Structures are given as C-alpha cells and as structure tokens.
Amino acid sequence: MSVISTIFKLFLMLNVSCLVLSAGAQSASAQTAQVQTQAELQTRIAAHKPATHRFVKDKPLVGWVLKSSRFEDIPQAIREHLGDVDKTKYTQDYLEENQGTIIALQMDDDKPDFYIIKKVAFDADYSEVEVAAALGRNPALIDWMKTEPELAKILKTGPDAIVGARKSVQVEMLKLSALGYALERPVTIQSPWGEQSKPAGEEAYLAPDRASGQYYLINQGDKGHPLSYVPVR
C-alpha cells in the first residue's frame, strides 16, 4: 500500500470519527435544549429512581405583598428582577390567581433572586415574623434596597407593603443530575408557573408543588445546596 493511500484512509477514518462525535453531541444538546415537560420528568424519575434529599429554609425572608393584579403596581426595581435566577416568566393570569401572596425578596450573593410564592403554598407553609427580624437576617438585601430610591424610602418608612415570613416545612427534593441530565448542559423545565432554567455547569434541584402535583426547579446556591436552603440533619 502506498504512503498516499495510507494517509488518505487515515484521513477518511478521522473524518468519520469526528462526524460520529458531532452527532452524539448534537443529540445530547437537543435533548436538553428543548423544554422538559412534567411528563418527561416523571418518566425519568421512574427510570432512575433518584434519592431524595430533605432541606429547610435557612432563615426568614422578606416579601413584597401582592395587593394588586397589575404588574405596573409592583415597584420597578422588584419587577425587573422577577424570575431572574431561573428565567421564570410570570403571566398576568398567574399574578391574578395569586393576589394576597408575596414576592420573595432574597439574594443570590449580591444579585436579586425574586420570585412569586404561590398563594396556596404561602398560606399553608409560611408563618409571619417581624419584618425587622427578617431584614436583620438578610443584610445583602438591605444593602441592595438602599441603592434603589423607591425601596430605600420603604426601608425608612416601613409601610405594610413588606412583611417577614418563614417557611418552616421540610421539602424533599431531587437532584436534576440524578435524572440523567448532564451538569455541563443547561436545562429548561416546564414548571407549574412557567419555564424555569438552570445554567450550564451547575446542579439544580426539583421540588414538588403540592397544589398541582408537579415539580418546580430550584437552582444551586454557593454552598451546593438549593438556593436559600440547608440540609436537614
């Protein structure tokens, strides 16, 4: 066999291998690029039988009371950060269905992580605490609110628009990676209140929504646990 023939065959083999690897990567990427439905999550849970992990909120939170069904009535500084961390898009219908609940104002390091707590979950799982005590446990939130004129004013006047609340119930969660999702890839799921996403390279957890029987997503915090949760010992 000539040297030229050998080089040509090696070149062909290399090209075929690259095509196979590329096809596999595209297949895996397509698997998590599409929104993962609740049916797909249930199928994976049944197939993988993942271990459950129990967590509880590590501290009380501060909440903005939803007294209106209009997004415009939510302070802009809060409104523009709603669902930032997990890319949740809240609808007008969802806002109307959950009047009387709160928008949880928590921080992911120095970044706002604001989300609407479902009214049924708020009524069943949360108890009110003194807002001053809740603010005292959330110094990063206070620092951030002071940079926003509308919210800085609220800190001084202390209106009834903000409250302190504690979630005392334990929550059993599943690691998303335990369902076969690769850590290095982003994943988007369909939750009871809209699409939620985890970024590439990080773990995320699925928690059950008791009202709907579906799962929602909680991204990983800086200690590897679900954001704002600690494990139950």
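Here a biologist and a modeller talk through two strands and a pocket of this predicted model.

Modeller: Residues are numbered from 1 along each chain as its sequence is written. In this predicted model local features need pLDDT of at least 70, side-chain atom pairs count only at pLDDT 80 or more, totals for chains, interfaces and linings use all residues, and side-chain values use heavy atoms, without hydrogens or water.

Biologist: How many bridges join strand 8 to strand 9?

Modeller: Strands are DSSP runs of E with at least two residues, numbered from the N terminus. Two of them pair if DSSP finds at least two bridges between them. Strand 8 (residues 187–191) and strand 9 run antiparallel, and the bridges that join them number 5.

Biologist: Which residue in strand 9 stands opposite Val187?

Modeller: A hairpin links strand 8 to strand 9 through 2 residues. Across from Val187, in strand 9, stands Lys198.

Biologist: How many residues of strand 9 are buried?

Modeller: Buried means under 20% relative accessible area, with a 1.4 Å probe and protein chains only. Strand 9 (residues 194–198) is mostly covered, and of its 5 residues the buried ones number 4.

Biologist: Which residues lie closest to the centre of the largest pocket?

Modeller: A pocket is an open set of points on a 1 Å grid over the protein atoms alone, where a 1.4 Å probe fits, with protein on both sides within 12 Å along at least five of seven lines; lining residues have an atom within 4 Å of a point. The largest pocket is lined by 33 residues, and the closest to its centre are Lys167, Trp193, Tyr216, Ile218 and Tyr229.

Note on methods
Buried means under 20% relative accessible area, exposed over 50%, partly exposed in between (1.4 Å probe, protein chains only).
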